[in-house]
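Hi everyone, thanks for coming along. I'd like to walk you through one structure today, so please have it up on your screens.

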Amino acid sequence: MTRRQITGFSNPTVKALRALREKKHRKAAGRFLAEGLRLLTDARECGHIPETLVLSSARDAHPLLDALEREVVAAGGEVIETAPDILAKITGKDNPQAVAGVFTEFDTSLDRIERSSADIWLVAQALRDPGNLGTMLRTGDAIGAGGLILIDDCADPFSVEAVRASMGAIFTQRIAQAPWEAFEEWLRGPDGGAAGQLVAASLRDAQPYRGAPYSAPCFIMVGNESRGLPQAYEDACDLRVTMPMMGRADSLNAAIAAAVLGYEVLETINARP
């Protein structure tokens with residue numbers, strides 16, 4: 001373990017930490033940034049200890065921060081103290097919180113997913129907004145989902161924006177990434193059977209979402225923010241459901257649609273004897 005102070009913007013460590021805000025550097029390093037005491041405390045309580053802990057020299061004392069620092073030290077990590085303006089450069093926020101941490105990116109292969117470990121899973125196809133992605137992680141945590149499966153070209157779940165929007169759910173939810181073909185094969189199995197119910201939020205040949213015959217494990221799939229799901233993906237679903245639009249809008253935000261459906265599925269499954 002090392003503990004040191006950094007006082008200069010041009011320090012190589014500052015440059016390396018700041019670079020984690022860019023996807024290519026995150027992927028090269030296999031690391032990502034998380035900011036804020038609450039988020040880092042959630043991570044610690046889920047068994048994730050940052051490799052590097054960056055503290056503001058202007059921080060207020062807090063027992064949770066002391067506990068976090070002790071665990072980083074015990075795990076052989078590095079503790080860095082620096083000025084608020086340098087921490088702002090690292091995190092990209094004008095008013096950064098008092099602490100940030102660097103974590104190893106998680107394994108996002110489908111093989112990590114044990115579908116029977118949860119009744120509900122969220123699936124997002126070509127979701128491009130990191131804020132929506134983070135909100136879906138937060139929704140998954142709220143409804144007791146097992147995790148979020150990202151299909152095709154989605155936003156990076158380890159971006160600063162997605163991690164921040166997840167409000168700590170990045171550490172409670174499993175995350176998997178795969179192209180559609182690989183996901184469909186994994187879901188159905190080599191014999192083409194139904195190892196999980198795939199439900200799409202759709203406007204095409206869909207039944208009302210209230211009272212639909214949901215079954216566990218249920219995979220709730222939403223599409224791209226502007227285009228929705230490709231028709232071929234909808235055709236492959238076991239169930240297509242729709243939510244009434246009472247105003248001029250013809251659809252809900254992807255993350256909100258996942259939340260509405262998630263709670264309905266949760267209620268339906270829990271109501272069964």
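**A walk through the model**

Let's begin with Ala126, which counts as buried because its relative accessibility is 6%, under the 20% cut-off. Please keep in mind throughout that this is a predicted model. Ala126 sits in the loop between strand 6 and helix 6, the latter covering 130-142. What is the sign of phi at Ala126, a residue other than glycine? The value is positive, near 55°. As background, most residues other than glycine have a negative phi, and most peptide bonds are trans.

Met167 is another one to look at: Met167 is not a glycine either, and its phi is positive, at about 55°. You'll find Met167 in the loop between helix 7 (160-166) and strand 8. Is Met167 buried or partly exposed? With 33% relative accessibility, Met167 counts as partly exposed.

While we're on the backbone, scroll along to Ala216 and Pro217. The peptide bond joining Ala216 and Pro217 is cis, with omega at about -5°. Pro217 belongs to the loop between strand 10 (207-208) and strand 11.

Now for the helices. Two packed helices are described by the angle between their axes and the distance between the axes. For helix 3 (residues 37-45) and helix 4 (residues 63-74), the angle is about 50° and the axes are 10 Å apart. Helix 3 and helix 4 are therefore oblique to each other, and their crossing is left-handed. Which residues make the contact? From helix 3 we have Leu37, Leu40, Thr41 and Arg44, and from helix 4 Leu64, Leu65, Ala67, Leu68 and Glu71. Sorted by character, the residues of this contact of helix 3 with helix 4 are six nonpolar, one polar and two charged.

Let's stay with helix 3 a moment longer. Its buried residues are Leu37, Leu39, Leu40, Thr41, Ala43 and Arg44. So what covers the buried residues of helix 3? The cover includes strand 2 (31-35), strand 3 (52-56), helix 4, strand 5 (99-104) and helix 7. Just after helix 3 comes Gly47, with a positive phi of about 90°.

Helix 8 (residues 180-188) can be read in a similar way. The buried residues here are Trp180, Phe183, Trp186, Leu187 and Arg188. A reminder that helps when you look at any such list: an α-helix has 3.6 residues a turn, so residues three or four places apart point the same way. Covering the buried residues of helix 8 are, among others, strand 6 (120-125), strand 7 (147-151), strand 8 (174-178), strand 9 (197-201), strand 11 (218-222) and helix 9 (231-235). Just after helix 8, Gly189 has a positive phi of about 85°.

Last topic: charges. How many salt bridges does a search of the whole structure find? The search finds 14, and I've picked out a few. Glu105 forms one with Lys27, where the closest N and O atoms are 3.4 Å apart. That pair links distant parts of the chain, with Glu105 in the loop between strand 5 and strand 6, Lys27 in helix 2 (residues 23-29), and their positions 78 residues apart. Glu105 counts as buried, at 16% relative accessibility, whereas Lys27 counts as partly exposed, at 38%.

Lys27 also forms a salt bridge with Asp156, and here the closest N and O atoms are 3.7 Å apart. Again the pair links distant parts of the chain: Asp156 is in the loop between strand 7 and helix 7, and Lys27, in helix 2, is 129 residues apart from it. Asp156 is buried, with a relative accessible area of 8%. Add Arg26, and you have the network: Arg26, Lys27, Glu105 and Asp156 are linked by salt bridges.

One more pair before we finish. The side chains of Asp235 and Arg204 meet in a salt bridge at 2.5 Å, N to O. Asp235 is in helix 9 and Arg204 is in the loop between strand 9 and strand 10, so this pair, 31 residues apart, links distant parts of the chain. Asp235 counts as partly exposed at 44% relative accessibility, and Arg204 counts as partly exposed at 24%.

That's my tour, and I'm happy to take questions.

Conventions:
Residues numbered from 1 in each chain as written. Predicted model: local features only at pLDDT ≥ 70, side-chain atom pairs only at ≥ 80, totals over all residues. Heavy atoms only, no water. Buried < 20%, exposed > 50% of the residue type's maximum accessible area, 1.4 Å probe, protein only. Helix = DSSP H or I, 4+ residues; strand = E, 2+ residues; numbered from the N terminus. Contact = heavy atoms within 4.5 Å. Axes fitted to C-alpha atoms, helices over the stretch in contact; angles between N-to-C directions. Parallel < 35°, antiparallel > 145°, perpendicular 65-115°, else oblique. Left-handed = near helix turned anticlockwise from the far one by under 90°. Nonpolar A, V, L, I, M, F, W, Y, C, P; charged D, E, K, R; others polar. Salt bridge = Lys/Arg side-chain N within 4 Å of Asp/Glu carboxyl O.
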